[in-house]
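Colleague: I am new to this structure and would like a close look at a single part of it, namely the disulfides. Could you take me through them slowly?

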Amino acid sequence: ASVAGGSAWNATRRVTFVPSPGAYLVVYGEDRNGDFYNKGGFWADCDGAPKSKLPQAWESFCSKDAIDTPHLQGEGDGWSPATFHAGRMWNPGTLGTAGMQFCAFRTRPMKEEGYSCDIKVDDYVRKVFYNGMDITTTVAGDLNRWNALRRVSFPPVPGAYVVIYGEDWKGDFYGQGGFWANCDTVPSSDLERSWESYCDDHALGVEYQKGEGWGWTKPTFHLGSHAGDAWAPGTLGDKKKGHCVFRMMPFKAEAKKAAAKPRPAGKARAGDGEEAEDEEEEEEEAKPTSTRPPSTTTEGEKRPEPPKMPKGWRAVWDKHHQDYYFWETSSDKTTWSMDEVQATQRKEEKAEEKRLVQEEKKWDRPCGSKEECLNIVDDYLSTQPRQANLLLRTYGPGSLGGGDCGELCELPEPCPTDPILPGCRYDTYDNAVAAIYLTKRGKLDSARSILDSFTKLLYPTSLDGVPRRARHVGPSGRTLTLLAAAYSDLHGAEAGQYDSHGVYDGAVDTGNNAWAALAFAHYAAAADSPCHASVARDMLSALIAGESACKDALGGVIGRREPYPRNYRSTEHNIDVSALARVLGEDETWRKVHKFVHSMYGRNKAYNRSYSMGTGDEETCDDSQPEGPVPADCTYWNLLADADPDARRMAEALAFALRTPQPKASSGSSSGKKDDEDDPNFQAAQGMWSTDQDLIHHTGHSFHGTRFTTWGNGIQWEVTASAAMAMLHFAKKYGKLQDGGAMVNISHFVDQARDSLRLLLGMYKGVPGSVLGGNREAWVKWTMVQDKWRRDVAFPGGTDTGVAWSYLRYNHVASTAWTGLLLLYQAKEGDALYEDANPLAPPARPVPKSGGGGGRGGGDLTCLPGHAKSQRHAQHKAKKEGEGDAEPQHKGEETSKPTTEAPTAEAEEEAEATPRKPSTAPRSTTTEAPRSAPKGTTSTAEPSEEAEFQLWRDWVQQQQQQQ
């Protein structure tokens, strides 16, 4: 980058750089007084990182000594959100760390992805294109409501147009309709200057919908066309035109100086000097483009349209000969013959086909050494997109292709989407597993960045809007609100706010929070951090507090709690809590949850050699046993956690899980019983070890692993990695395994799983949730098939869990992180087991005492955000003095700034009594998102039944109409 400006301490310098998606801009500075916070400071105002977002846009790495080269390049560990000094020197403030002389600051002026435009079209949005691709289906918002706000999201592509095609049903885009947009790179204040338009009386073709064609002009601007600030400063659109398309280039292409063009031999040159100069001027008009009509020569003669040229070739108009010659820009080769151009193109196409064949052969190569494989895991996690709270995106970035079955194989980009929820998921569970892997890998700074995000979502700095029943005062003395199932990239989230734009799924599930607490505990042990140990103990205290812990004969804890509580008890969730209690040395809590897990063995009579998914959901601490499948993780995670260390039960459950179902058509001798062994649907649910083929990037290799449940289809790779670890743990602790008297070769299954995961790492540079093709619609269609045991559908819509969702072909954070843990545990047969890599077992180093042993309210709590005590006191005082009601917040308003007015007691009670529902389907449909879905509940009918599916579809349509 080039820098212009003076050397004085208060001089403004201008940094100029070429746009590069995902690249860091790094500024390295020194404060001579040795205090970058109080004496010095850093300020910046960039096109992609304005000063209004200074504390959010920049990270810093500060030191008392000169910064090393990796950090000067924006690399290395230890980067963290820069400390913001509000109001210091320059508006709105400066960045810098107290007591540090040297600081490097980095930002991404052009993100790798995640850019968006908020648009309004009065009346209809007909099509949206970006970079020549139709992205209409990815637009969030109602396309057919005149005043609806729609969000268009796209990755940065320099030189690409975002194109919005709209229609005004009254045929007047200026007087009756209008177009408005507010984009990350082009705000609404630049609407008039930054957009072009093309309008007509009738529907516009695909050429214009893509932003191509000729006749684009500066649009007519209608200042103040719609009342209110929502459409300010005005709209675009031509008078008496019913169809308008608007285009804008969010990222300008890098300007390149045109290269000189040699003229081919074979025709005499027209002369030198002025004639050659004329030719240079003519060339720009001769570019083969459809954005302008045919041009004319200086003699007024009609010039023919330039021929369509292959990539890398240009047609150049020769004024003297009144003809085009052809120029290959990469080699400077020129010719008058189009046949020669086409011959050269065919040769290049054959070379490209040969290259692609060679590339395709590389798909069957697994990752190499242990370190090479782990580096792939590291790279995937380090480059995974993050949202405003800096959590990792659960899926992607981008799909791995859904196959060639048409619309049923088209996967949404850049992530799988919910039918009614915009944006991408950032799951608590996936981030927790990633933090544990990074801790075990020794990347403590990277692990802490995730945990720092969690602490800000756990400990509210204001209690405004936080339901009282969702609060818990932990052993640290701090008020805690547990984590939501998943967060969103639409907005930043705040602690205790479960229905904001920053929350994707507001369900507060026991298992997800237990995993997050495990991440804090393992980090606390590795980093010897009493503060992080305090967080783990605060979370465990909240998970077992009050009515969460059941007092009946089964024991255990409920699966979902405030603000949207449910009554079921999940076996997997209780396994997670048992692991957490064991890691923290809480023996009494371990005994209570162990009691529940122990009681779940054989309780589902259809699978009497395995662990039930959990209990019913009709009443508090429901002890009923619903019908349904059994999940794989209730066996494998049970083993890793030693939640029910009973050798016989563990052996029988593992032997059942390793069976490969062998369904066959009925012989006709069925007794009519539901679980008749002659019923192929019954046979298909006996065991979970499976084999899949990757039909999209076919390598000739089979993949082996476990289903998610006995009712599922296809391999789920997150659980497969944990299954391999669990089998190794079983062999070490219990010895050999038998099934009905026959020996089971555990090593064979471990090798199958590990080899498959290493191959996936080599192929996809991450581990997907599934290798099976198809999209959500394909999965819905597949689940409607009556004979689901006939598993011969090429693209069934990913891996069906059997409990109302599927995993699609996107790289997956949890699957990749679990694979990393497996390779740390044992990378190849014969290696010693590295027990410290087991996330569900106590770490090698003990977890330190909380807060340095200071007890309630004492000790080291420096890793936590500011205390909410003063806000609580202010609220209490306001209520006691009878101050007025808090002003009600309108639907859709942001809650990023806490109000200073206290709500009345009545308003507070009403807010607590009527919380908004989480973003999941009603209980009877069990269509909840991955990991937020309660594994302790099942539907009384399979998800494939037509009535169940129709109920789900009706609910989705109702939610869409409400939105």
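Modeller: Counting the cysteine pairs whose sulfur atoms lie within 2.5 Å, one arrives at 8 disulfides, and please keep in mind throughout that this is a predicted model. A disulfide is a covalent bond between the sulfur atoms of two cysteines.

One of them joins cysteine 62 to cysteine 103, with a distance of 2.0 Å from S to S. This pair ties together distant parts of the chain, since cysteine 62 belongs to strand E4 (residues 59–63) and cysteine 103 to strand E8 (residues 102–107), 41 residues apart. The torsion about the S-S bond of cysteine 62 and cysteine 103 is about 110°, and therefore the disulfide is right-handed; cysteine 62 and cysteine 103 are both buried.

Another disulfide is formed by cysteine 117 and cysteine 183, whose sulfur atoms are 2.0 Å apart. Here too the link spans distant parts of the chain, from cysteine 117 in strand E9 (residues 115–122) to cysteine 183 in strand E14 (residues 178–183), 66 residues apart. With 110° about its S-S bond, the link of cysteine 117 and cysteine 183 is right-handed. Cysteine 117 counts as buried because its relative accessible area is 1%, and cysteine 183 counts as buried because its relative accessibility is 5%, the cut-off for buried being under 20%.

Cysteine 415 and cysteine 424 form a further disulfide, again with their sulfur atoms 2.0 Å apart. The torsion about the S-S bond of cysteine 415 and cysteine 424 is about -85°, so this disulfide is left-handed, and both cysteine 415 and cysteine 424 are buried.

Notes:
Residues are numbered from 1 along each chain as its sequence is written. This is a predicted model: local features need pLDDT of at least 70, side-chain atom pairs count only at pLDDT 80 or more; totals for chains, interfaces and linings use all residues. Side-chain values use heavy atoms; hydrogens and water are left out. Helices (H or I, at least four residues) and strands (E, at least two) are DSSP runs, numbered from the N terminus. Buried means under 20% relative accessible area, exposed over 50%, partly exposed in between (1.4 Å probe, protein chains only).
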